[in-house]
Amino acid sequence: MHRVVITGVGPVSSIGVGAAEFEAALRAGKSGISPIRSFDSSGFEHRLAGEVQDFDPAAYLTRISPDEHGHAALFAAVAARLAADDAGLAEFGPDTAVLMGTNSGEVRNIVALAKAWHHNGPSIPEPDIAGQISANRLALAAARELGATGETLTFGTACAAGNYAIGYAFDLLSTGAASVAIAGGADSVNRFTHAGFHRLGALAGEACRPFDRDRDGMLTAEGGVALVMETLDGARARGARIYAEVLGHAMTCDASHPTAPDTASIARCMRASHTRAGLTPSDIGYICAHGTGTRVNDQVETAAFREVFGTAIPPVSSIKSMLGHSMGAASGFGAVASVLALSSSFLPPTINHRFADPELGPLDPVPNEARRAELNVVQNNGFGFGGNNSITLFGRLSCES
């Protein structure tokens, strides 16, 4: 079994684009939430989201044309390009896998076609828009941008999809089925997704406040994220800078409800990830939580913490308080935050936090301000509709390793 490391990160988010900008925003507790601009939201009660303002894919892409791909695929391709540049890798080939997660794929295009049919009747849809709909084009766009010709997959496991992609990449690399993998996720803010969460009553009025007594929901968001993953031997052979080691991962499925999370299944996922990585709960120094800011998610996630960690829960924060909920990219952003926390020795904060929730019990959400911390192991949570749970674990690579 090969050891696996992270050598590059490529976040395209509402709080920053690229590793340096994203880390600075995490440290500053920057909010990326603003009034929605990508569609007319005037008919909605809640009209805020975490959009990537003034996104210009042509400024980053070197191989593919922005005109050939939908918005989410362009997020994925730009994230892959940024991650590759950050890793110092210029050549990719048949031993490079490209794996992306998503919740909605190119649903913006589906909405555009539905509007056209509504206004124009059963006319032939715009072929370019229709041709971009397939969700597999997210990973394909990233692979084409890098010239990678290895295994290329898009995972549709809702808001856990980014972690699924990272976990699958870990399996390929550790078993020798690939030598390099680009893993992450992408989704776009759109009317369909916003309306769905609005109808569920899951959207916050003004701000996302995970683990706060007065939390009232999440905020939809968008972006693309990619991590370059390599075998440790390969990274060392080329003298790569290493952010962190991937220690392991686990997945479970609740198989009980389409939208409601399940405490026992999430706790089982945590235990499985620890066992497979050869860790115990006491080894975890920080948890990058799923932390959506809805009443139910935060209650269930915290209850699962108590089942696994007892009274010794490590610091827990949610970067969704800053970014919003970027759906299929969310746990990918969590992974980037995790490896930056390890390599730069800090805890990202949960912003907008005002009051501890007595129903959650004692919990350190790293309220409002980043905190210096020497970390050895970080846990990254990702949970999604359909009962999809996935957890990835990252560790500091010691000089002796």
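## A guided tour, starting at strand 15

Begin by selecting strand 15, residues 388–395, which is mostly covered: eight of its eight residues are buried. Here, buried means under 20% relative accessible area, exposed means over 50%, and partly exposed is in between (1.4 Å probe, protein chains only). Strands (E, at least two residues) and helices (H or I, at least four) are DSSP runs numbered from the N terminus. You are looking at a predicted model, in which local features need pLDDT of at least 70 and side-chain atom pairs count only at pLDDT 80 or more, while totals for chains, interfaces and linings use all residues. Residues are numbered from 1 along each chain as its sequence is written, and side-chain values use heavy atoms, with hydrogens and water left out.

**Stop 1: the two sides of strand 15**

Show the side chains of the strand. In a regular strand the side chains alternate between the two faces of the sheet. In strand 15, N388, S390, T392 and F394 point one way. N389, I391, L393 and G395 point the other way, and all of these residues are buried.

**Stop 2: the neighbours**

Which strands pair with strand 15? Add strand 9, residues 244–253, which pairs with strand 15 in the antiparallel sense over eight bridges. Two strands pair if DSSP finds at least two bridges between them. To see one point of contact, pick H249, which stands opposite T392 in strand 15.

Now add strand 14, residues 377–384, which is also antiparallel to strand 15 and joined to it by eight bridges. There, F383 stands opposite N389. Follow the chain from strand 14 to strand 15 and you trace a hairpin with three residues between the strands. Pause at G386 in this hairpin, which takes a positive phi near 80°.

**Stop 3: the tie from R3 to strand 9**

Keep strand 9 in view and select E245 together with R3: they form a salt bridge, the closest N and O atoms being 2.8 Å apart. A salt bridge is a side-chain nitrogen of Lys or Arg within 4 Å of a carboxyl oxygen of Asp or Glu. R3 lies in the segment before strand 1 (4–13) and E245 in strand 9, so the pair ties together parts that are 242 residues apart in sequence. R3 is partly exposed at 34% relative accessibility, whereas E245 is buried at 9%.

**Stop 4: further salt bridges**

The structure holds 18 salt bridges. For another one, select E222 and R108, whose side chains meet at 3.5 Å, N to O. E222 sits in the loop between helix 7 (191–199) and strand 8 (223–231), and R108 in helix 3 (residues 107–120), so this pair ties together parts 114 residues apart in sequence. E222 is buried, with a relative accessible area of 4%, while R108 is partly exposed at 25%.

Next, choose R215 and D298, which form a salt bridge with their closest N and O atoms 3.4 Å apart. The two are 83 residues apart: R215 is in the loop between helix 7 and strand 8, and D298 is in helix 10 (residues 295–309). Both residues are buried. Add R295 and D357 to your selection, and you have one network with R215 and D298, joined by salt bridges that share partners.

**Stop 5: the cysteines**

How many disulfides does the structure hold? It holds zero, a disulfide being a pair of cysteine sulfur atoms within 2.5 Å. C208 is in no disulfide, and the nearest cysteine sulfur, that of C159, is 13 Å away. C288 is in no disulfide either, with the nearest cysteine sulfur, that of C208, 13 Å away. C208 is buried at 3% relative accessibility, and C288 is buried at 1%.
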